[in-house]
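Student: I am new to this one, and I would like to get to know it step by step. Could you show it to me?

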Amino acid sequence: MDSNKAIAELKKDAARVANTNDLVLLKSKYLGKKSFIASEMAKLSLLQGDDRAKLGKQLNTLKTSVTDIIQATQDRLDKSEADHQYAPFDISSPGRSLSLRSRVGHLHPSSLVLKESYQIFTELGFAIVDSPEIETDWYNFEALNMPEVHPAREMQDTFYIKDSKQKLLPRTHTSGMQVRFMQANKPPFKILVPGKVFRNENEDATHSWSFNQIEGLVVGEGVSMSDLKGTLLQVVKRQLGDSTEIRFRASYFPYTEPSVEVDAKYQGKWLELGGAGMVHPEVLMRGGIDPNKYSGFAFGWGVERIAAIKYNISDLRQLWRPKIEFLEQF
Ligand code: FA5
């Protein structure tokens with residue numbers, strides 16, 4: 001009987017044992033009914049005298065060695081399980097490496113301005129209202145006193161969706177929500193409509209073909225131009241700092257009367273934020289609201305223009321280029 005060969009084979013198999021299942025198979029192979037030891041034991045009854053005693057002794061020694069090796073393997077498994085279960089684990093420790101997986105991300109500057117705007121406007125009692133990015137020509141233009149031939153459409157030249165019965169277009173401004181909302185709600189209300197808008201634009205440092213706007217609409221009894229100015233001043237002070245001033249410049253929008261451009265004086269320079277005005281009586285009527293009883297103000301600001309002022313970005317086209325080094329500065 002070659003005990004050494006059996007032990008060498010067992011040691012190799014034992015080293016490969018990785019779990020309890022492997023251990024059960026190892027035990028069965030070396031101590032089970034079909035094991036080498038079992039078949040040698042069976043031979044014992046055929047032997048007599050010294051031969052029998054010699055083989056008996058060899059088998060006992062082999063069995064002891066096999067049992068010891070299997071026990072050592074069992075101990076090794078138990079220990080690794082214990083290590084796994086009881087090793088202290090600090091859940092607050094940082095990731096193992098500064099790989100993408102463990103890095104903390106950040107919001108896009110437009111999202112930062114939007115998030116801050118939601119905070120400020122909701123504190124002022126405004127409800128945040130979503131609206132469709134694909135709008136009908138009627139809500140986007142006609143309902144706002146811009147019939148098909150109106151020159152003000154030129155300023156918001158856009159892309160149209162071919163073959164659509166209702167003349168659909170990616171909205172050119174968030175003002176398309178004004179009449180939609182009035183038709184579905186009774187005054188008084190104060191809403192903020194954020195969202196992406198799209199224009200066929202010659203891009204430059206202050207113009208991109210897609211950008212975000214926030215539209216404010218307030219309708220109620222006795223709403224006046226001074227409410228508009230007071231609201232916008234509060235917001236601008238919160239957004240750009242307490243010392244920021246605003247000014248109104250006379251302007252023209254077909255859906256507000258009077259209309260103004262709103263500028264903010266930030267770090268000594270006057271910068272344009274957006275358009276505003278008192279809601280035109282015909283627009284109120286199209287929304288089912290009696291202009292003799294109610295009045296309202298509206299404004300529409302460019303989110304990226306605010307981001308540019310706030311974060312000192314000289315060319316807002318950079319906001320739409322996927323350059324992570326640029327975007328993670330804010
Ligand atoms: C409008 O879009 C009007 N709907 C605003 C309004 C709402 C007036 C309610 C009256 C009542 P305007 O086209 O000027 O107006 O755009 C408003 C603001 O959006 C601009 O002042 C500017 O801040 C931003 N903006 C306009 N065009 C671009 C552009 N191409 N890229 C980035 N921001 C832009």
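Tutor: Gladly! Let us begin with a term: a salt bridge here is a side-chain nitrogen of Lys or Arg within 4 Å of a carboxyl oxygen of Asp or Glu. Please keep in mind that this is a predicted model.

Student: How many salt bridges does a search of the whole structure find?

Tutor: Side chains of opposite charge can pair when their charged atoms come close. With the cut-off of 4 Å, a search of the whole structure gives a count of 17.

Student: Which residue does Lys 29 meet in a salt bridge?

Tutor: Start from Lys 29, which lies in helix 2 (residues 20-31). Its partner is 20 residues apart from it, in helix 1 (residues 3-15). The N to O distance is 3.3 Å, and the partner is Glu 9.

Student: Is Glu 9 buried, partly exposed or exposed?

Tutor: Buried means under 20% relative accessible area and exposed means over 50%. Glu 9 has a value of 40%, so Glu 9 is partly exposed.

Student: Now the sheet, please. In what order do the strands stand?

Tutor: The sheet is open and has seven strands, with mixed pairing. Strand 1 (127-128) and strand 6 (245-253) each have a single partner strand, so these two stand at the edges. The order is 1-4-5-9-8-7-6.

Student: Which helix packs on the sheet and touches strand 6, strand 7, strand 8 and strand 9?

Tutor: Its direction makes about 30° with that of strand 9 (295-302). The helix spans residues 225-240, and it is helix 8.

Student: How many bridges join strand 7 to strand 8?

Tutor: Strand 7 covers residues 256-266 and strand 8 covers residues 269-279. The two run antiparallel, and Asp 263 stands opposite Glu 272 in strand 8. The number of bridges is nine.

Student: Is Asp 263 buried or exposed?

Tutor: The cut-off for buried is under 20% relative accessible area. Asp 263 has 2%, so Asp 263 is buried.

Student: How far apart are the closest N and O atoms of Asp 263 and Arg 247?

Tutor: Asp 263 is in strand 7 and Arg 247 is in strand 6, 16 residues apart. They form a salt bridge, and the closest N and O atoms are 2.9 Å apart.

Student: Which residues are joined with Asp 263 into one network?

Tutor: Arg 249 of strand 6 also meets Asp 263 in a salt bridge, at 2.7 Å from N to O. That pair lies 14 residues apart in sequence, so it ties together separate parts. Salt bridges that share partners join Asp 263 with Arg 247, Arg 249, Glu 272 and Arg 305.

Conventions:
Residues numbered from 1 in each chain as written. Predicted model: local features only at pLDDT ≥ 70, side-chain atom pairs only at ≥ 80, totals over all residues. Heavy atoms only, no water. Pairing = 2+ DSSP bridges. Helix = DSSP H or I, 4+ residues; strand = E, 2+ residues; numbered from the N terminus. Contact = heavy atoms within 4.5 Å. Axes fitted to C-alpha atoms, helices over the stretch in contact; angles between N-to-C directions. Buried < 20%, exposed > 50% of the residue type's maximum accessible area, 1.4 Å probe, protein only.
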